[in-house]
Amino acid sequence: QPSYKAPLVIEPSAATMSDEPDPPLKDKNPINTPNAMLAAIGTAMDAHGRPPNRCGSCFASAAFFCARPASAQLPPLSAADWAATAPASDPRATMIVLFRRAEVQLRDFGRQEASSSLRLEQRIKILTAEGLHGGELEIAHSRSLRLKSLTGRTVLPGGTVVPLPGDAKFESRRSQRRKSWVTAVAFPGVAVGSIVEYEAQLYFDSPLLLEPWYLSDDVPVLHSEVAFEVPNNIQFGTWGRDPFAAGVKVDRSQGPRGFRVRAWADNLPAVPDEPFGPPFADVASQFGLITTAIRLQDTLIRIADSWASSCEWVDDNSYYDARHANRGVPQRTRELVAKLTEPRQRAEALYRFVRDEIDNEDDPGVMLEEEAKLAEVLAQGRGDSAEKALLLQDMLDAAGVRARLVWANERSTGIPAMDVPS
């Protein structure tokens with residue numbers, strides 16, 4: 001197993017380190033800013049999990065208003081691409097990622113842009129018959145992340161190009177309640193020695209990125225990079241992990257409209273998938289950018305510059321509405337604890353009710369879906385871990401038992417980076 005390295009300490013952007021004094025701030029607490037402003041900020045990207053940029057998956061749906069699209073394109077196929085084979089360190093590799101790039105442009109509120117944008121580009125080579133599944137792409141999409149375009153092709157060893165046809169996509173509903181779907185894409189003509197590539201343009205409303213970008217994959221990667229375009233009115237920090245010591249490089253530059261941060265690595269080994277081994281997030285090279293604050297005119301909205309502000313922002317902008325949409329919760333609480341006099345007895349009864357009578361929905365993370373309501377969680381008898389925790393807290397409050405929420409990390413999502421407040 002690779003040696004573990006502590007995550008890089010979060011680094012402030014140049015905007016954060018400016019020597020110029022801040023203008024007077026009207027209110028640093030987002031709960032008191034105008035409702036339209038909060039609605040514009042939206043929910044965090046992939047609020048219930050990481051952006052799965054790993055081979056064969058991405059987020060998608062449809063959008064009509066967008067930010068400035070990234071103009072980067074896949075580089076032309078080269079002789080080196082056709083000559084690529086399994087690395088000496090992994091001779092049994094079934095496929096290899098030749099090139100992967102992500103371009104993220106965060107929403108510029110000062111220019112009244114409607115969305116942030118994400119462009120994905122990937123090129124893989126099939127090495128063995130066991131790697132033919134590399135021609136299958138699963139796309140999870142929802143109203144939070146929307147696909148504007150998806151193009152792809154298969155290039156056969158002789159140079160024949162087989163474009164991805166429109167009828168090669170099959171969509172199925174993942175969750176009607178959460179308005180999410182999964183689309184399966186089958187690339188045509190995939191054979192051993194062929195190269196499969198795709199480009200996708202996606203949009204999301206939020207200027208927030210809560211998860212890192214994974215440069216590694218579960219197959220060898222020859223080149224992987226991610227670039228962030230950040231407008232001047234967003235303050236940010238960066239962090240990363242490089243457990244294989246692959247040599248992740250970072251370049252920063254500043255232009256008239258904001259900052260560009262690019263991270264890349266070459267010749268990344270496959271992340272081992274071993275029984276009872278560490279989760280992917282612990283052993284993958286990764287790089288993250290987190291939004292610490294947004295300045296709108298003379299208002300600074302602190303989001304993730306500390307754990308205190310992160311907790312406050314989520315509580316105000318994700319939990320507040322759900323808590324107040326709790327019709328039926330106090331009445332059901334009274335029914336459950338009517339014959340119990342001791343606070344501990346009431347707490348135990350309510351805990352068992354939420355644990356046993358509210359079905360679990362597998363949606364990791366502490367953020368709630370937009371328009372989540374405790375009344376619906378109770379009435380429908382199902383919810384994710386965050387919704388069930390809020391329901392239990394609300395019921396305890398109705399029973400006169402004081403309770404506080406605690407965020408607990410699931411082992412499957414990796415070791416939390418405690419110095420990165422997201």
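**Exercise 1.** In this predicted model, which residue with a positive phi follows helix H9?

Solution. Go past the end of H9 to Gly-400, which follows the helix and has a positive phi, near 80°. Next, move on in the segment after H9 to Arg-404. Arg-404 has a relative accessible area of 69%; the cut-off for exposed is over 50%, so Arg-404 counts as exposed. Finally, compare Arg-404 with Gln-393: the two are eleven residues apart in sequence, and their C-alpha atoms are 7.1 Å apart in space.

**Exercise 2.** Check the span of helix H9 against the value expected at 1.5 Å a residue.

Solution. Helix H9 covers residues 385-398, which is 14 residues. The expected span is 1.5 Å times one less than the number of residues, which gives 20 Å for H9. The end C-alpha atoms of H9 are 20 Å apart, so the two values agree. At the start of the helix, look also at Asp-384: one of its side-chain oxygens comes to within 3.1 Å of the backbone nitrogen of Ala-386.

**Exercise 3.** Work out how many residues of H9 are buried, and what covers them.

Solution. Apply the cut-off for buried, under 20% relative accessible area. Ten of the 14 residues pass, so H9 is largely enclosed by the rest of the structure. Among them are Leu-390, Leu-391 and Leu-392, and also the charged-type names Glu-387, Lys-388 and Asp-394. Then list the cover: it includes helices H5, H6, H7 and H8 and strands S18 and S19. For the chain as a whole, 48% of the 422 residues count as buried.

Terms used
Residues numbered from 1 in each chain as written. Predicted model: local features only at pLDDT ≥ 70, side-chain atom pairs only at ≥ 80, totals over all residues. Heavy atoms only, no water. Helix = DSSP H or I, 4+ residues; strand = E, 2+ residues; numbered from the N terminus. Buried < 20%, exposed > 50% of the residue type's maximum accessible area, 1.4 Å probe, protein only. Contact = heavy atoms within 4.5 Å. Polar contact = N/O pair within 3.5 Å; in protein donor to acceptor, adjacent residues only side chain to side chain.
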